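User: I am new to this structure and would like a close look at a single part of it, with the surroundings brought in where they help. Please take your time and connect the pieces for me.

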Amino acid sequence: MATAKLKIGRNELEIPIIKGTENEKALDISKLRASSGGIVTLDTGYKNTGATTSAITFLNGEEGILRYRGYPIEQLAEKSNFLEVAYLLINGELPTKKEFKDFEHEITTHTLVHEDIKKFLDAYPERTHPMGQLCAMICSLSAFYPESLNPYRSDEEINNTVIRLIAKMPTLVSWIHKRAKGHPAMYPDNSLGYCENFLKMFFGLPTEEYEVDPVIANAIDKLLILHADHEQNCSTSTVRIVGSSHATLYAAISAGISALWGPRHGGANQSVIEMLQNIQNDGGNLQKWLDKAKDKSDPFRLMGFGHRVYKNFDPRAKIIKKASDEVLKKLKIDDPLLNIAKRMEEAALKDEYFVKRKLYPNVDFYSGIIYKAIGFPTEMFTVLFALGRLPGWIAQWKEMMKDQQPIGRPRQIYIGENERKYTAISRRKKK
Ligand code: ACO
């Protein structure tokens with residue numbers, strides 16, 4: 001095995017270099033603290049730190065490559081479907097015909113959600129953000145399936161939780177939306193496919209027939225596939241960390257949803273549309289907004305641009321851009337925001353600031369345009385991201401549990417006060 005040498009004073013340490021199947025190399029510092037007399041590494045934001053080995057997703061940010069279990073994202077988006085991709089991520093291989101049928105049957109027969117969940121939803125103020133409700137509802141499912149709390153749960157119990165999560169999330173999402181609209185909750189129709197059923201529960205009404213548009217169902221299916229996993233991002237790492245304490249999978253997924261909510265992560269898809277609307281209301285002055293994004297004294301960033309790992313086009317953004325053209329054409333929508341988005345992309349890709357920092361449009365830049373065209377409220381965009389990311393979170397959690405990884409517990413370098421004596425309140429002076 002190749003090694004690297006690390007010299008600390010007179011002490012020379014051999015650090016093993018491990019190599020992944022795609023020739024990615026890492027210094028294995030798992031024994032560093034013990035062999036160096038307490039020295040740890042410091043890497044805020046984990047920009048240089050691999051938190052785990054993983055056999056699920058391969059991502060090469062320089063070349064814009066994304067593969068699930070070895071299959072290129074472009075092939076999966078074109079030829080597969082979301083449930084098949086979920087099976088692939090969670091189980092490691094594409095299913096046979098029978099395996100797929102059984103999996104689909106299990107999902108479609110677990111779509112109902114306990115009626116008491118509606119009581120929780122009823123208690124929320126009208127303007128509650130759906131992401132807040134979704135993470136609370138997913139965690140609340142643990143109350144209905146308390147056996148999931150058992151840290152020594154059997155494989156069958158784990159599988160039940162996995163199936164329930166994938167099956168019930170679309171129902172929960174649609175109920176959250178219906179409550180916000182003041183419409184009656186729609187019940188699942190188990191004769192429909194995953195995306196068709198979701199669209200019917202989301203947009204349908206009990207008073208009339210709802211015909212699912214195959215172009216829209218196909219676009220949603222594609223979007224869910226593209227969002228299904230993205231290796232060790234913020235929300236996935238959160239799922240792994242929470243799961244590493246052996247909390248129930250419902251809690252780990254709920255924590256992942258919370259992490260995804262932020263505008264620097266999945267919340268960016270909502271922020272992109274809000275940004276484009278602001279630019280439109282401001283008279284479409286693109287340069288002003290580009291300058292704002294470049295101004296270091298201004299916290300504003302160009303939403304939907306930049307990525308921790310991609311220093312090239314996000315391959316998912318390319319596929320989404322094409323899909324959004326198809327949906328807009330089918331729905332005969334001429335959205336002025338799309339025009340602004342296209343001009344914004346062109347301008348940013350020519351601007352020295354963005355070129356130098358390799359800031360390209362990411363997955364969120366165009367996904368919002370499709371969601372908006374289909375009729376999803378802006379606040380629901382990140383919820384749709386969560387629906388797609390669910391199988392990835394589950395796969396990553398399962399891998400971590402199978403590998404019996406230790407509890408996630410980073411170290412720190414303390415930079416606070418040294419020991420000092422407690423002073424009585426009467427003798428304290430303001431510093
Ligand atoms: N607009 C303006 N400047 C940016 C942007 C942006 N969108 N993104 C990065 N930069 C600048 C930073 O200010 C920094 O400049 P500096 O070197 O002069 O200090 C440089 O580019 C590098 O940025 P970092 O913040 O160090 O990069 P990091 O990897 O930590 O952040 C992130 C990645 C959070 C995605 C960032 O690019 C961003 O905030 N983008 C906008 C939000 C967004 O679209 N998020 C979705 C990401 S995809 C996803 O999570 C699903």
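Leaving aside its neighbours within four places in sequence, which residues is Ile257 in contact with?

Analyst: A word of care comes before the answer: this is a predicted model, and what follows describes that model. Once the neighbours within four places in sequence are set aside, Ile257 is in contact with Met131, Leu134, Cys135, Ile138, Met169, Ala386 and Trp393.

The setting of Ile257 is the largest nonpolar core, which has 111 residues. Ile257 is among the residues with the most contacts inside this core, and Tyr68, Leu134, Ile166, Ile253, Leu302 and Phe376 are named along with Ile257. Leu134 therefore appears twice in this picture, as a contact of Ile257 and as one of the residues with the most contacts inside the core. In soluble globular proteins, nonpolar side chains tend to be buried together. Helix 18 gives 12 residues to the core, the most of any contributor.

Helix 18, which spans residues 381–402, also takes part in a link of another kind, for it holds Glu399, while Arg240 lies in helix 10 (residues 234–244). The side chains of Arg240 and Glu399 meet in a salt bridge, with N and O 2.7 Å apart, and this pair links parts of the chain that are 159 residues apart. Both Arg240 and Glu399 are buried. Side chains of opposite charge can pair when their charged atoms come close.

From here one can follow Tyr68, another of the residues with the most contacts inside the core, into the strands. Strand 5 (residues 65–68) has a covered face made of Leu66 and Tyr68, whereas Ile65 and Arg67 form the uncovered one. In a regular strand the side chains alternate between the two faces of the sheet. On one side, strand 5 is joined by 4 bridges to strand 4 (residues 57–60), and the two run antiparallel; here Leu59 stands opposite Leu66. The hairpin of strand 4 and strand 5 has 4 residues between the strands, and Gly64 takes a positive phi near 70° there. Strand 5 is also joined to strand 6 (residues 71–72) by 2 bridges, again in an antiparallel arrangement, and Tyr68 stands opposite Tyr71. The hairpin that strand 5 and strand 6 form has 2 residues between them, with Arg69 in the turn at a positive phi of about 50°.

Phe376, also listed among the residues with the most contacts inside the core, leads to the aromatic rings. Ring pairs link Phe376 with Phe198, Phe202, Phe203, Tyr371 and Phe381 into a cluster, and the structure holds 18 aromatic pairs in total. One of them is formed by Phe82 and Tyr194, a tilted pair whose centres are 5.5 Å apart and whose planes stand at 40°. Phe82 belongs to helix 3 (residues 82–91) and Tyr194 to helix 8 (residues 194–203), so that this pair links parts of the chain 112 residues apart. Both Phe82 and Tyr194 are buried. Another pair is that of Phe305 and Phe354, where the centres lie 5.9 Å apart and the planes are at 70°, so the pair is edge-to-face. Because Phe305 lies in the loop between helix 13 (286–294) and helix 14 and Phe354 in helix 16 (residues 352–356), the pair ties together parts that are 49 residues apart in sequence. Phe305 is buried at a relative accessible area of 11%, and Phe354 counts as buried at 4%.

Charged side chains complete the picture, with 20 salt bridges found in a search of the whole structure. Asp335 and Lys372 form one of them, at 3.0 Å from N to O. Asp335 lies in the loop between helix 14 (315–330) and helix 15 (336–350) and Lys372 in helix 17 (residues 363–374), so this pair ties together parts 37 residues apart in sequence. Asp335 is buried, with a relative accessible area of 8%, whereas Lys372 counts as partly exposed at 29% relative accessibility. Lys292 has two partners of interest: Lys292 forms a salt bridge with Asp298, the closest N and O atoms being 3.0 Å apart, and the charged end of Lys292 sits over the ring of Trp289, 5.9 Å from its centre. At 28% relative accessibility, Lys292 counts as partly exposed.

How values were computed: Residues numbered from 1 in each chain as written. Predicted model: local features only at pLDDT ≥ 70, side-chain atom pairs only at ≥ 80, totals over all residues. Heavy atoms only, no water. Salt bridge = Lys/Arg side-chain N within 4 Å of Asp/Glu carboxyl O. Buried < 20%, exposed > 50% of the residue type's maximum accessible area, 1.4 Å probe, protein only. Core = buried A, V, L, I, M, F, W, Y, C linked by side-chain atoms within 4.5 Å. Contact = heavy atoms within 4.5 Å. Phe/Tyr/Trp six-rings, centres within 6.5 Å; stacked < 30°, edge-to-face > 60°. Lys NZ or Arg CZ within 6 Å of the ring centre and 35° of its normal. Pairing = 2+ DSSP bridges.
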